Amino acid sequence: MAAGLVGALAMTAGEKLEQRWTRRPDSHVPARTLERLTGLPEHRRRQPAARNLAMHLGQGALLGGLRGVMATAGLRGPWASAMFGVVRLTNDQILENATGVGAPPWTWPRRELAVDLLHKGIYAAVTGLVADALAAWHGPGPGQWHAALRPGRRGDVAPVPRRRRSALT
């Protein structure tokens with residue numbers, strides 16, 4: 001979760017820099033989604049900044065736990081971060097669309113979609129770097145041990161022996 005919190009902070013800082021440069025206003029979608037999910041009173045106009053920040057950081061930290069699990073299992077590096085970026089985008093869209101706050105991304109203006117993808121990419125990359133570094137302290141994950149037995153995905157390579165796997169945990 002620590003990796004996700006760091007990633008969310010980096011994403012938020014990146015958003016603030018981008019907004020200064022593009023003059024794009026704050027999005028109130030995170031706060032509105034939080035209000036709908038928790039039953040908080042809804043604000044019709046400008047949303048409290050604390051609710052936006054709470055949704056950004058809370059969602060980032062919770063999903064960061066999943067990236068930590070990925071890294072511990074041996075799913076590390078840019079490929080794993082790209083996979084995780086899709087999870088982050090999917091999570092946002094499920095929450096925003098299920099609450100009626102958002103619309104599917106393919107209906108958004110292209111510039112808005114590009115900005116969102118950029119910021120979620122920053123989140124996924126930074127979260128991945130931190131999660132991978134923390135997991136590396138424990139050595140290779142089971143998936144990495146398996147890959148080391150014989151390069152590539154092979155059906156004739158048996159699972160990693162339990163004794164070696166248990167040494168990783």
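This is a short talk on the helices, the buried residues and the side-chain pairs of one predicted protein model.

I will start with the overall layout. The protein chain has seven helices and zero strands. Read in order along the sequence, the pattern is α-α-α-α-α-α-α. If you take the C-alpha trace and look along its principal axes, it spans about 60 × 30 × 25 Å.

Next, the surface and the interior. The chain has 169 residues, and 33% of them count as buried. The area that the chain exposes is about 10,500 Å², with carbon and sulfur atoms supplying 66% of it. For contacts, consider pairs with a separation of 6 or more: residues 24 or more positions apart account for 63% of those.

Now to one helix, α5, which covers residues 110-136. What span should we expect for it? At 1.5 Å a residue, its 27 residues should span 39 Å, and the end C-alpha atoms are 38 Å apart, so the two values agree. Several residues of α5 are buried, among them L113, D116, K120, Y123, T127 and D132. What covers the buried residues of this helix? The cover includes α1, α3 and α4, the last of these being residues 78-98.

Two of those buried residues carry charged side chains, so let me define buried here: it means under 20% relative accessible area. K120 is at 5%, so it is buried. D116 is at 17%, so it is buried too. The side chains of K120 and D116 form a salt bridge, with 2.7 Å from N to O. The two residues are four apart in helix α5, which means about one helical turn separates them.

That pair does not stand alone. Salt bridges with shared partners join D116 and K120 with R88 and D92 into one network. D92 sits in helix α4. Is D92 buried or exposed? Its relative accessibility is 5%, so D92 counts as buried. Setting aside neighbours within four places in sequence, the contacts of D92 are Q59 and K120.

Staying with α4 and α5, there is also an aromatic pair. The count for the structure comes to one such pair. It is formed by F84 and Y123, and it is tilted, with 5.6 Å from centre to centre and 35° between the planes. Why is it called tilted? Planes under 30 degrees apart count as stacked and those over 60 as edge-to-face, so a pair at 35° falls in the remaining class. F84 is in helix α4 and Y123 in helix α5, 39 residues apart, and the pair links these distant parts of the chain. F84 is buried, at a relative accessible area of 0%. Y123 is also buried, at 0%.

Back to salt bridges. How many does a search of the whole structure find? It finds eight. I will describe two more of them.

One joins D26 to K16, where the closest N and O atoms are 2.8 Å apart. D26 lies in the loop between α1, residues 2-22, and α2, residues 29-38, while K16 is in helix α1, so the pair ties together parts that are 10 residues apart in sequence. Both partners are partly exposed: D26 has a relative accessibility of 29%, and K16 has 39%.

The other joins E18 to R24, and its closest N and O atoms are 2.6 Å apart. Here the partners fall into two classes. E18 is buried, with a relative accessible area of 10%, whereas R24 is partly exposed, with 27%.

The last item is on the surface. L66, V69 and V87 make a nonpolar surface patch of about 220 Å². One of them, V69, lies in helix α3, residues 49-73. Is V69 buried or exposed? Its relative accessibility is 54%, and the cut-off for exposed is over 50%, so V69 counts as exposed.

To sum up, the chain has seven helices and zero strands. Helix α5 takes part in a salt-bridge pair, K120 with D116, and in an aromatic pair with F84 of α4. The nonpolar patch of L66, V69 and V87 is at the surface. That is the end of the talk.

Terms used
Residues numbered from 1 in each chain as written. Predicted model: local features only at pLDDT ≥ 70, side-chain atom pairs only at ≥ 80, totals over all residues. Heavy atoms only, no water. Salt bridge = Lys/Arg side-chain N within 4 Å of Asp/Glu carboxyl O. Buried < 20%, exposed > 50% of the residue type's maximum accessible area, 1.4 Å probe, protein only. Patch = residues over 30% accessible without salt bridge, like charges linked within 9 Å, V, L, I, M, F, W, Y side chains within 5 Å. Areas by Shrake-Rupley, 256 points an atom, 1.4 Å probe, with all protein chains shown as cover. Expected span 1.5 Å × (residues − 1). Contact = heavy atoms within 4.5 Å. Phe/Tyr/Trp six-rings, centres within 6.5 Å; stacked < 30°, edge-to-face > 60°.
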